[in-house]
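This note is written for a reader who is meeting the structure for the first time. Please keep the sequence and the 3D view open while going through the points.

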Amino acid sequence: MPTHPRPTALTLPAGMRATRAVQALLSLLPKQPQAGWTEPLVEAALHEQGVPVNRVTVYRALDRLAQAGLLQRTVNAQRITHYFVVDATAPTASAHLECTACHQHITLDPGAAAVQAALHALREALVQSTGVHKPMLDVAVQGECAQCAGDAKPPFF
């Protein structure tokens with residue numbers, strides 16, 4: 001998988017309290033931008049850093065960061081919520097693959113020409129057929145990841 005530039009830290013949204021848990025969360029999330037964070041993963045990572053948090057605190061912080069536009073919230077076929085760091089330099093479209101075999105959740109490379117062409121075509125179709133202005137896309141793709149399919153190299157990410 002190609003490497004992508006990682007944001008070094010997220011900035012606290014206006015009006016959000018700078019608690020120890022939120023500050024730790026803001027520094028933690030950019031460390032894994034291509035894989036979706038789930039509440040249990042965030043909670044475990046914060047506990048490993050010595051930050052005492054509970055499930056409700058983590059869910060609230062993740063939801064507030066998503067509402068502020070710093071995270072993108074997606075729900076997979078098993079109804080598990082994943083949070084992805086929003087790349088402010090990327091176009092207003094993203095695509096995620098959920099492997100039907102291992103259930104890994106992967107962000108497809110937004111720089112890949114084939115992914116960009118498909119997202120652009122979908123965005124244009126929405127604008128032309130519905131008149132939607134500036135659509136933001138979050139496309140969920142289900143299929144087998146390269147590892148489960150036995151491919152040596154993934155085709156689009």
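The points below move from the whole chain to one helix, and then to the spaces beside that helix.

1. **The chain as a whole.** The model under discussion is predicted. Its protein chain contains 5 helices and 5 strands. Read from the N terminus, these elements follow the order α-α-α-β-β-β-β-α-β-α. The chain has 157 residues, of which 36% count as buried. Among contacts with a separation of 6 or more, 54% are between residues 24 or more positions apart.

2. **The dimensions of α3.** Helix α3 covers residues 55-67, which is 13 residues. From the first C-alpha to the last, α3 reaches 18 Å, close to the 18 Å expected at 1.5 Å a residue.

3. **The two ends of α3.** At the N-terminal end, N54 acts as a cap. One of its side-chain oxygens lies 3.1 Å from the backbone nitrogen of V56. Just after α3 comes G69, which takes a positive phi of about 90 degrees.

4. **The buried side of α3.** Which residues of α3 are buried? They are V58, A61, L62 and L65. These residues lie on the same side of α3 because they cover an arc of only 95 degrees around the axis. Their packing partners are two helices, α1 (20-28) and α2 (39-48), and two strands, β1 (71-75) and β2 (81-85).

5. **The opposite face of α3.** The face turned away from the buried side carries the exposed residues R60 and Q67. Why does R60, a residue of helix α3, count as exposed? The reason is that its relative accessible area is 52%, and the cut-off for an exposed residue is over 50%.

6. **The neighbouring helix α1.** The buried residues of α1 are A21, V22, A24, L25, L26 and L28. They pack against α2 and α3. A link between α1 and α3 can be followed through one pair of residues: V22 and R60 are 38 residues apart along the chain, and their C-alpha atoms are separated by 9.9 Å.

7. **The second largest pocket.** How much space lies in the second largest pocket? The volume is about 220 Å³. Its lining consists of G15, M16, R17, T19, A21, V22, V56, T57, R60, A61 and R64. Helices α1 and α3 each supply at least two of the lining residues, and α3 gives the most, with 5 residues. The exposed residue R60 and the buried residue A61 are both part of this lining.

8. **The cavity.** The count of cavities of 30 Å³ or more comes to 1. The largest cavity has a volume of about 30 Å³. It is lined by A21, V22, L25, L46, V53, T57, V58 and A61. Here too, α1 and α3 each supply at least two residues of the lining.

9. **Points to check in the view.** A reader may start from A61, which is buried in α3, and find it in the lining of the second largest pocket and in that of the largest cavity. The same can be done with V22, a buried residue of α1, which also lines the pocket and the cavity. Finally, R60 may be located on the face of α3 turned away from its buried side.

Technical notes
Residues are numbered from 1 along each chain as its sequence is written. This is a predicted model: local features need pLDDT of at least 70, side-chain atom pairs count only at pLDDT 80 or more; totals for chains, interfaces and linings use all residues. Side-chain values use heavy atoms; hydrogens and water are left out. Helices (H or I, at least four residues) and strands (E, at least two) are DSSP runs, numbered from the N terminus. The expected span of a helix is 1.5 Å times one less than its number of residues. Buried means under 20% relative accessible area, exposed over 50%, partly exposed in between (1.4 Å probe, protein chains only). The arc is that of the directions from the helix axis to the C-beta atoms. Contact means heavy atoms within 4.5 Å. A polar contact is a pair of N or O atoms within 3.5 Å; within protein, one must be able to donate a hydrogen and the other to accept it, and residues adjacent in sequence count only if both atoms are side-chain atoms. On a 1 Å grid over the protein atoms alone, a cavity is a set of points where a 1.4 Å probe fits but cannot get out, and a pocket is an open set with protein on both sides within 12 Å along at least five of seven lines; lining residues have an atom within 4 Å of a point. Grid points are joined across faces, edges and corners, and a volume is the space filled by probe spheres set on the points.
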